[in-house]
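Subject: Handing over the structure

Dear colleague,

Here is the structure I promised to pass on to you. Please open it beside this message, and then read on for what was found in it.

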Amino acid sequence: MEPRKFSDLVIFNRVAELGSFTAAARSLGVTQSAVSQTVKRLESELGLRLLSRSTRSLAPTAAGERLLDTLAPVIAELDAEIEELGRLREQPGGRLRVTCGKHAADTLVWPAFARLIAAHPEIDGELSVENRHVDIVAERFDIGIRLREDLEMDMVAVPVGPPLRAVVVGAARYLDSCDPPRRPRELSAHRCIGFRNAGGTLSPWSFEKDGRAETVKVAPSVIVNDGDALVGAACAGMGLAYMLEDLAAPALKDGGLVEVLADWCPRFPGYHAFYSSRRQPTRAFSLFLESLRQCGR
């Protein structure tokens, strides 16, 4: 059915329901003339008179009654369903699918996810933890959490985590055997531990000082693709490693690792929640986003 014809049928139903062109026009927020012309057009297209009109009254004809017998229940059912959908929008129930990498899950997402499900057990939650690049639209995820630099242009991005910092660390026994680097370019003289990301490439080492940015592509003697393995390799004295500060924090605290190039490693914006700009957020979605923000403070 053409959209215009459906609109005409809805207007006809409203006129018959209220028994007046004027009342129907008022309830629909249009002019009486527009309502009258719509009914006339519908009658002309059907080749049937649907309403009997007089100066004092208006009533459906036999053809009009027959049409209303089918039309009125359908419109009433649609109105009821739309009202129910409106109530669903305000309720947190339903399914919520979230994707993120392991570090984001450990430090931010899991606490927020667990808090949400505990508070609203009626939500069916799914958390997918994987370091590969996920197309959340194609794979039907509601929301993803990544660093801002990894996001597509058509995504809405909302900051949810605190600033992060990457550090260069090595075991004390490794650094005792050589001169620690004082500038990023001196890394070429050191054994380095590389991290192969989910895309299969080696993650670059990025630095900044006094407004000057430098990116170093090291030639690693050891390569891993797991954060725990990265820390373990550095603690084992296999060379220098570049990683997020909180991954190295326990080993830095107990002396298993030592930081170098600290003045070249400023903080940068942390994780962002992202979702399609064409997506209509649900109540569960909004509650999860708020939980993320609270956990990220």
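Both F113 and F288 are buried, and I begin with them although the model is a predicted one. Their ring centres lie 6.3 Å apart and their planes meet at 85 degrees, so the two rings form an edge-to-face pair. A pair of aromatic rings is described by the distance of the centres and the angle of the planes. This pair links distant parts of the chain, because F113 belongs to helix α5 (residues 102–119) while F288 belongs to helix α9 (residues 283–295), with their positions 175 residues apart in the numbering. Together with W110, F113 and F288 form one aromatic cluster, and the structure holds five aromatic pairs.

F288 also appears in the largest nonpolar core, which has 27 residues, and it is listed there with V98, V109, I145, Y271 and L292 among those with the most contacts inside the core. The elements that give two or more residues to this core are the helices α5 and α9 and the strands β3 (94–100), β5 (143–147) and β15 (271–276). Of these, α5 gives the most, with seven residues.

The strands β3, β5 and β15 are also part of an open sheet of five strands, whose order is β4-β3-β5-β15-β6 and whose pairing is mixed. Strands of a sheet pair through backbone hydrogen bonds, either parallel or antiparallel. At the edges stand β4 (123–129) and β6 (155–159), each of which has a single partner strand, so one side of each is left without a neighbour in the sheet. From one strand to the next, the twist averages 25 degrees. The strands β3 and β4 run parallel and are joined by seven bridges; R95, for example, has D124 in β4 as its bridge partner.

A separate contact involves R97, whose charged end sits over the ring of F141, 4.1 Å from the centre of that ring.

Lastly, how many disulfides are there? The count comes to zero. For C192, the closest cysteine sulfur is that of C178, and at 10 Å it is too far away for a bond, because a disulfide needs the two sulfur atoms within 2.5 Å. C235 is in no disulfide either, since its nearest cysteine sulfur, that of C192, is 16 Å away. C192 counts as buried because its relative accessibility is 1%, whereas C235, at 27%, counts as partly exposed.

With best wishes

How values were computed:
Residues numbered from 1 in each chain as written. Predicted model: local features only at pLDDT ≥ 70, side-chain atom pairs only at ≥ 80, totals over all residues. Heavy atoms only, no water. Buried < 20%, exposed > 50% of the residue type's maximum accessible area, 1.4 Å probe, protein only. Phe/Tyr/Trp six-rings, centres within 6.5 Å; stacked < 30°, edge-to-face > 60°. Helix = DSSP H or I, 4+ residues; strand = E, 2+ residues; numbered from the N terminus. Lys NZ or Arg CZ within 6 Å of the ring centre and 35° of its normal. Core = buried A, V, L, I, M, F, W, Y, C linked by side-chain atoms within 4.5 Å. Pairing = 2+ DSSP bridges. Axes fitted to C-alpha atoms, helices over the stretch in contact; angles between N-to-C directions.
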